[in-house]
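Q: Please take a close look at a single part of the structure shown below. I should like a connected account of that part, of its setting in the whole and of the conventions behind the values.

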Amino acid sequence: YWRLNFYALRPTESLLTAYRATGDARFARRLVAIDESFFRAEARSPGAWSDDHAVAFRAMVLANEWWVLRYYHQLSESESGDFLREIEKTGAFLADVNHYQPQHNHGINEAAALLELGVDFPDLPNGRAWKAVARERLAYGIEHLVDADGALIENSPYYDFYVLDKYWQIGVF
């Protein structure tokens, strides 16, 4: 599970939270430095693109960080461009059917991430297409991930609520 969190860049969210709580720009600068380091190293990292689920969470992390850092003027124009290029690459990856796991809850997170990119970045070259693909995938999940008895096909009470909560959070149908 640590690999999922690591490649999803989830630990960097703590730096964003610290920056927002304190206003201390050192947290924002460190966050940007870590993300930029990841962007530079990912091509050489065998794990950066090997877990579709981690990439989905990374997409959501990067979208949130870009908007918050941009709002607070903590991204230079160059850094903003780096984030946007990474977001574009991540969106293209998630839109590829080979990186979509429709048979269980991971597919919902992958579709949710793609939807977030489509909604948050409609002016990126494929932003509107990402939104359309994500909506199709989310609709597919509603139709095919729940058995006739109303339970998730994974047959786990935890995931029944997890998936219900995911769809409730998305709420954009």
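A: Of the 173 residues of the protein, 47% count as buried, where buried means under 20% relative accessible area, exposed means over 50% and partly exposed lies in between (1.4 Å probe, protein chains only). The model is a predicted one, in which local features need pLDDT of at least 70 and side-chain atom pairs count only at pLDDT 80 or more, while totals for chains, interfaces and linings use all residues. Residues are numbered from 1 along each chain as its sequence is written, and side-chain values use heavy atoms, with hydrogens and water left out.

The part chosen here is helix H6 (105-120). Twelve of the 16 residues of H6 are buried, so that this helix is mostly covered. The buried residues are Asn105, Gly107, Ile108, Asn109, Glu110, Ala111, Ala112, Ala113, Leu114, Leu115, Leu117 and Gly118. Their cover includes helix H4 (52-71), H5, helix H7 (127-144) and helix H8 (157-170). In general, an α-helix has 3.6 residues a turn, so residues three or four places apart point the same way.

From its first C-alpha to its last, H6 reaches 23 Å, close to the 22 Å expected at 1.5 Å a residue; the expected span is 1.5 Å times one less than the number of residues. Helices are DSSP runs of H or I with at least four residues, strands are runs of E with at least two, and both are numbered from the N terminus.

His104 lies in the loop between helix H5 (77-95) and H6. With a relative accessible area of 17%, His104 is buried. Apart from its neighbours within four places in sequence, His104 is in contact (heavy atoms within 4.5 Å) with Leu145 and Glu154.

For Gly118, one of the buried residues of H6, a separation from H8 can also be given. Tyr167 belongs to helix H8 and is itself buried, at a relative accessible area of 14%. Tyr167 and Gly118 are 49 residues apart in sequence and 17 Å apart in space, C-alpha to C-alpha.

The helices H4 and H5, both among the cover of H6, are joined by a loop that holds His73. Phi of His73 is near 60 degrees, a positive value in a residue other than glycine, and His73 counts as exposed at 69% relative accessibility. Most residues other than glycine have a negative phi. Leu9, in the loop between helix H1 (2-7) and helix H2 (12-22), also has a positive phi, of about 60 degrees. Leu9, however, counts as buried at 5% relative accessibility.

As to the wider setting, the protein has eight helices and zero strands. The radius of gyration is 17 Å, which agrees with the value near 16 Å that a compact globule of 173 residues would have; the radius is taken over C-alpha atoms, and the globule rule is 2.2 Å times the number of residues to the power 0.38. The C-alpha trace spans about 50 × 30 × 30 Å along its principal axes. Among contacts between residues at least 6 apart in sequence, 67% join residues at least 24 apart.
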